[in-house]
Amino acid sequence: MAALRCFRVPLACRPVVADGIHFSMRMQCVFFSHRYSLIFLATESGISPMLKNTFGDHETPLLGSQKKRFFTSSSVTPDGNPQITFESLSDLIKDKLQESFNQNSLATHLKVLEALIKHWKGEVLSVSVTRKAAELSSEDVYRLATLIFEAQESVGKDAVELAAPLFRFSAMAGNPDGMYSYAKLLETGEGGVERDPIEAGKLFSELADQGHPFAQFALAHFYHNGIGMKKDLQMALELYEASAKKGVREANTMIGNLYTTGEIGKVDLTKAAKFFTNAAEKGDVPALMSLGAFYSQGTGVEKNFQKSFKCYKAAADQGHLTAQYNVGVNYFAGKGVENNMKKAAYYFDLAAQQGHVFAQINLGNMYYFGYGVEKNWEKSRQLYKEAAKNNQHAELLLQELQHEMENLGKNDDPY
């Protein structure tokens with residue numbers, strides 16, 4: 001009976017772009033059917049990291065990002081966002097204000113906050129905010145702007161627009177972190193600020209001359225891509241190197257990219273690996289992905305599957321989708337780590353839930369055979385169905401499985 005069931009199974013090869021791993025998952029009943037899947041490692045060498053929005057020495061959310069909100073109010077805006085009031089926002093950040101400022105200046109900060117909200121609502125002119133802010137130092141204005149900016153985690157991106165005038169005020173007063181923050185707003189056009197890359201470039205240039213590491217990195221990005229100024233790869237490299245020496249990990253990644261692609265006139269994979277290593281040691285995900293690929297392929301370094309796996313695992317632990325898939329591949333194939341089907345299924349599942357097509361296919365195969373998971377054709381069918389939305393190969397697998405289920409019964413095993 002098994003032979004007859006195998007005979008009904010159509011030939012379904014599953015070639016996928018490979019990175020050194022050619023592993024057959026479905027090679028049973030070879031006399032009647034050779035059904036297999038090639039597992040592969042995906043790489044992201046050369047991907048540039050998103051510019052970090054870092055104010056001073058601490059990291060804050062990206063401008064315009066909107067995390068899950070915990071603020072509750074019966075008053076909301078037409079788009080469903082909570083309505084910002086002086087009371088609600090001051091309550092939200094008052095504890096932080098008390099931690100950051102002495103009682104003598106706390107009242108002044110609250111007055112600035114109240115004037116700011118009235119201006120945001122159109123009830124007073126901007127000069128009212130300026131007069132109140134002038135009673136504080138440029139550093140205190142910047143710190144207040146930062147606290148308001150960080151409130152977007154609770155009240156949404158309106159907090160960015162609310163903080164923008166204070167960033168501008170502290171920038172005009174010469175505060176370096178205020179200048180950097182306002183330049184980022186000019187670069188992105190966030191917070192109601194009109195996008196002006198030329199003016200942003202001027203601020204970044206002034207700060208870069210003062211040795212501001214993140215301004216040097218931002219200015220390097222401008223020169224690298226010809227934003228607000230003429231493209232100059234050599235200047236970009238020099239600025240990336242300057243910021244890298246001061247600890248900006250993403251700068252190391254960008255230098256590695258430049259040596260990998262040869263944009264600066266030559267390809268030097270050994271140097272690229274060195275800079276990727278510098279960034280990877282500080283946890284930079286794009287660098288970890290690139291270095292993982294280098295070790296897997298022996299590019300710029302001696303081939304080392306164990307080190308490759310460690311790189312992908314470190315990136316996966318930070319939630320990186322492709323890295324999670326690659327870790328699943330390594331566990332499945334026993335490449336750089338001991339073979340472990342349960343862990344392979346776990347990481348494929350993490351990636352599959354986020355829409356990774358090949359993870360969906362591979363996990364579907366594992367449920368089909370019961371590799372690392374309990375055999376479940378229905379789950380296999382669901383995974384193939386989801387992957388089939390974006391992959392013709394998955395569609396063929398789905399048709400094949402549905403044919404088997406219709407003719408043999410969901411709990412019947414053709415092998």
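**Close-ups of salt bridges and a helix pair**

**View 1. E386 and K389 pair up in a salt bridge, with 3.1 Å between their closest N and O atoms.** This is a predicted model, so keep that in mind for every view here. How open to the surroundings are the two partners? E386 is partly exposed, at 35% relative accessible area. K389 counts as exposed, since its relative accessible area is 59% and the cut-off for exposed is over 50%. Elsewhere in the model, R249, E250 and D284 are joined into one network by salt bridges that share partners. Counted by the same distance rule, the model has 8 salt bridges.

**View 2. Here D284 reaches R249 through a salt bridge, with 3.9 Å from N to O.** D284 sits in the loop between α13 (269-280) and α14, while R249 belongs to helix α12 (residues 249-261), so this pair ties together parts that are 35 residues apart in sequence. Are the two residues buried or exposed? D284 has 3% relative accessibility and so counts as buried. R249, at 23%, counts as partly exposed, because buried means under 20%.

**View 3. Now for a salt bridge inside one helix: E187 and K184 both lie in α8 (residues 176-188).** Their closest N and O atoms are 3.2 Å apart. Along the chain, E187 and K184 are 3 residues apart, or about one turn of the helix. Both of these charged partners are buried.

**View 4. Helix α14 (residues 285-297) meets helix α15 (residues 305-316), with their axes coming within 8 Å.** Which way do the two helices run relative to each other? They cross at roughly 160 degrees, and angles over 145 count as roughly antiparallel, so α14 and α15 are roughly antiparallel to each other. The handedness of this crossing is left-handed.

**View 5. A closer look at the contact between α14 and α15 shows which residues meet.** On the α14 side you'll find V285, L288, M289, L291, G292, A293, Y295 and S296. Facing them from α15 are F305, K307, S308, C311, Y312, A314 and A315. What kinds of residues make up this contact? Sorted by class, there are 11 nonpolar, 3 polar and 1 charged residues.

Conventions. Residues numbered from 1 in each chain as written. Predicted model: local features only at pLDDT ≥ 70, side-chain atom pairs only at ≥ 80, totals over all residues. Heavy atoms only, no water. Axes fitted to C-alpha atoms, helices over the stretch in contact; angles between N-to-C directions. Helix = DSSP H or I, 4+ residues; strand = E, 2+ residues; numbered from the N terminus. Parallel < 35°, antiparallel > 145°, perpendicular 65-115°, else oblique. Left-handed = near helix turned anticlockwise from the far one by under 90°. Contact = heavy atoms within 4.5 Å. Nonpolar A, V, L, I, M, F, W, Y, C, P; charged D, E, K, R; others polar. Salt bridge = Lys/Arg side-chain N within 4 Å of Asp/Glu carboxyl O. Buried < 20%, exposed > 50% of the residue type's maximum accessible area, 1.4 Å probe, protein only.
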